[in-house]
Amino acid sequence: MKKLRTILLAMLFGFYCTGAFAQKYRNFDVAVYCRAYEVEKMGQPGWLESVWDTLSKQVHVDKIYLETHRDLLIVSDETLEFAKKFFREKGIEVGGGITYTIDESNNFETFCYSNPEHRKKVQEIAEHTAKHFDEFILDDFFFTSCKCDLCIEAKGDLSWTDYRLQLMRNAAVDLVINPAKAVNPDVDVVIKYPNWYEHFQGLGFNLEEEPALFDGLYTGTETRDRSGNQHLQQYLSYAIFRYFENLKPGENRGGWVDTGGLRYMDRYAEQLWLTLFAKAPEITLFDIRQMRYPLRENLRPEWQGIFDFDEMKKPVELEDGNTFQPVTMARAAGYSLEIVDEVLGALGNPVGVKSYKPFHSVGEDFLQNYFGMIGIPVEIVPEFPVDEPVVLLTQTASFDPDIVGKIKAQLKRGGNVVVTSGFYKAMEGKGIEDIVELRVTDRKANVKKFAAGWGPTTSIDKEILIPPINYLTNDSWEIISALDDTNGWPLLHSADYSKGKFFVWTIPDNFIDLYILPENVLNWLRETVAGNLDVQLEGPGEVSLFVYDNNSFVVHSFLDEEVTVSVLLDKTGVEITDVASGEEIEGILREAPVFRNRKMGEDITVFEVTIKPHSFRAFTF
Ligand SMILES: [Zn+2]
């Protein structure tokens with residue numbers, strides 16, 4: 001028995017070790033970004049050989065981005081050419097990069113695009129870069145936060161948002177794209193957007209006009225630790241890539257993750273995995289310096305997920321038969337990517353509930369990501385969709401002056417619309433009462449009990465705060481009620497209009513309270529919003545579902561403990577197969593309820609799926 005165990009372990013060990021480094025990943029390319037500070041060092045004798053040797057033994061790299069400028073450090077022609085040659089001789093693709101910062105350490109100080117001297121410098125940097133590369137990428141900082149006297153003067157009576165949107169759109173054309181293409185007509189200029197998409201317009205990132213102007217987009221998918229200063233939810237690593245893909249289909253060239261804000265190693269892996277669940281064709285590891293950070297033992301989590309810290313640290317077999325003992329974060333990247341590469345080939349194109357976010361809109365910031373965290377697959381789109389069974393709108397959609405007309409058209413088509421309480425409130429007095437007359441009050445209610453449909457009342461340990469909604473009895477109906485003692489208010493509310501249904505979803509004041517809603521409440525919300533997808537989830541919050549168009553899906557848990565969830569398929573007589581292990585899981589038939597001798601809906605099949613902490617499983621059916 002012991003011998004068998006040893007053989008099995010050896011097989012497992014071999015599985016993770018052989019060929020991983022020499023071979024390309026099957027489903028994506030890997031790029032490593034190099035800041036100007038490190039590119040400059042590449043000119044020093046021996047530095048690059050040593051760094052590359054350690055890096056490339058731990059993770060397969062297809063491409064390198066060499067930055068030409070950051071914080072007014074401009075890398076010389078000689079050093080750029082030396083580094084380019086080094087990588088090209090190794091068969092590595094090479095692209096350029098620019099970070100338009102004056103001083104990153106001074107609150108990310110950007111250039112002033114009202115200042116002629118700064119504009120000249122911006123253009124010179126683009127020209128210098130285009131001279132050396134047929135593709136370059138702008139890292140995160142092609143925006144402006146400048147409020148100097150020149151900017152105040154130039155802004156005039158415009159809002160900062162309107163001024164900067166126009167300023168940066170013109171700067172993209174006049175200072176970067178056109179000058180770069182004048183130097184090198186073959187150059188592709190790619191803009192990489194950071195993770196804070198909801199706030200872009202205020203600093204001049206122009207998602208309405210820039211995607212058409214640039215040759216490609218790139219996506220910052222880092223979510224780090226959600227208790228950190230950005231409070232980004234983990235699901236954003238997926239949702240933001242999908243959103244930008246919908247801005248310029250086929251030209252969102254990759255996702256980008258750094259090692260910042262880590263408290264445990266699985267969090268790093270999760271960011272890479274979610275980026276690739278979104279079907280990013282390339283993942284950029286930021287950056288060559290961070291890839292040299294040591295593998296710190298204090299990043300080992302208390303739980304055991306599919307990211308196995310010990311497995312990661314095992315020596316890797318090299319092509320020449322030698323082994324290499326992992327020492328740096330590059331191995332955490334390599335190991336994480338090997339795990340996800342095993343399943344990605346089985347997954348088709350991602351699908352989700354369309355949530356319309358008009359350009360330059362803001363409201364209930366980043367709420368779609370919280371929906372993703374409770375198992376509702378979301379696809380953020382920049383246009384109101386016209387052929388969807390359900391459209392999901394948050395407050396951000398209130399920026400569209402024609403939104404009421406678009407909602408009415410969707411309902412008249414026989415589709416449904418789910419809006420949040422924040423959306424309804426923002427639309428009060430702007431025609432939304434034409435669909436249903438409600439009042440989202442300024443009062444607050446503390447609730448911890450819930451009644452969903454005719455099911456039993458369920459409760460949670462903590463009180464959560466919601467805005468009470470008032471409605472006209474018998475004009476619209478409470479579907480899910482939130483209760484405090486003998487009083488209660490709608491958590492999910494429904495109104496008929498033409499051939500469709502209009503739902504209002506009361507969002508807790510603290511969005512994260514969505515995660516602790518009772519399972520039956522979450523299940524009802526999932527059914528209402530995402531019931532039309534082929535796959536549905538039942539279970540607690542903080543478990544995400546990723547659905548694809550080819551009978552495949554992924555379930556990922558962000559919980560610290562193992563969890564068992566139910567997966568629902570709206571067909572019968574099927575099994576699901578775990579892509580990584582090949583395990584087949586049989587389902588249980590759940591017959592549609594019968595009311596007055598009539599079946600209400602279709603029979604479905606329910607599968608019980610157990611997910612380890614901070615882990616995923618991919619399935620086909
Ligand atoms: Zn300025």
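**Close-up views of a predicted model**

**View 1. Phe108 sits in the loop between strand S5 (101–103) and strand S6 (109–110).** Welcome to a tour of a predicted model, starting with a backbone angle worth a look. Phe108 is not a glycine, yet its phi is positive, near 55°. Most residues other than glycine have a negative phi. Is Phe108 buried, partly exposed or exposed? With 46% relative accessibility, Phe108 counts as partly exposed, because that class runs from 20% to 50%.

**View 2. Asn551 also has a positive phi without being a glycine.** Here the angle is about 60°. Look for Asn551 in the loop that links strand S27 (543–548) to strand S28 (552–557). The relative accessible area of Asn551 is 31%, so this residue is partly exposed.

**View 3. Phe286 and Asp287 are joined by a cis peptide bond.** Its omega is about -5°. As a reminder, most peptide bonds are trans. Where does Asp287 lie? Asp287 belongs to the loop between strand S11 (282–286) and helix H11 (309–313), and Phe286 is the residue at which the range of strand S11 ends.

**View 4. Glu222 is a buried acidic residue in a loop.** The loop runs between strand S9 (216–220) and helix H9 (236–247). Glu222 counts as buried because its relative accessibility is 3%, and the cut-off for that class is under 20%. What lies 3.3 Å from a polar atom of the Glu222 side chain? The partner is the backbone nitrogen of Asp258. Setting aside neighbours within four places in sequence, Glu222 is in contact with Lys192, Asn195, Leu232, Ser237, Trp256, Val257, Asp258 and Gln271. Asp258 thus appears both in this contact list and as the owner of the backbone nitrogen.

**View 5. Stepping back, the whole protein has 16 helices and 36 strands.** The C-alpha trace spans about 80 × 80 × 40 Å along its principal axes. For 621 residues, a compact globule would have a radius of gyration near 25 Å, and the 26 Å of the protein agrees with this. Buried residues account for 57% of the 621. Of the contacts between residues at least 6 apart in sequence, 75% join residues at least 24 apart. The accessible surface comes to about 25,100 Å², with 48% belonging to carbon and sulfur atoms. For those who think about charges, there are 63 positive and 96 negative side chains, and the centres of the two sets lie 1 Å apart.

Notes:
Residues numbered from 1 in each chain as written. Predicted model: local features only at pLDDT ≥ 70, side-chain atom pairs only at ≥ 80, totals over all residues. Heavy atoms only, no water. Helix = DSSP H or I, 4+ residues; strand = E, 2+ residues; numbered from the N terminus. Rg over C-alpha atoms; globule rule 2.2 N^0.38 Å. Buried < 20%, exposed > 50% of the residue type's maximum accessible area, 1.4 Å probe, protein only. Contact = heavy atoms within 4.5 Å. Areas by Shrake-Rupley, 256 points an atom, 1.4 Å probe, with all protein chains shown as cover. Charge placed at Lys NZ, Arg CZ, Asp CG, Glu CD. Polar contact = N/O pair within 3.5 Å; in protein donor to acceptor, adjacent residues only side chain to side chain.
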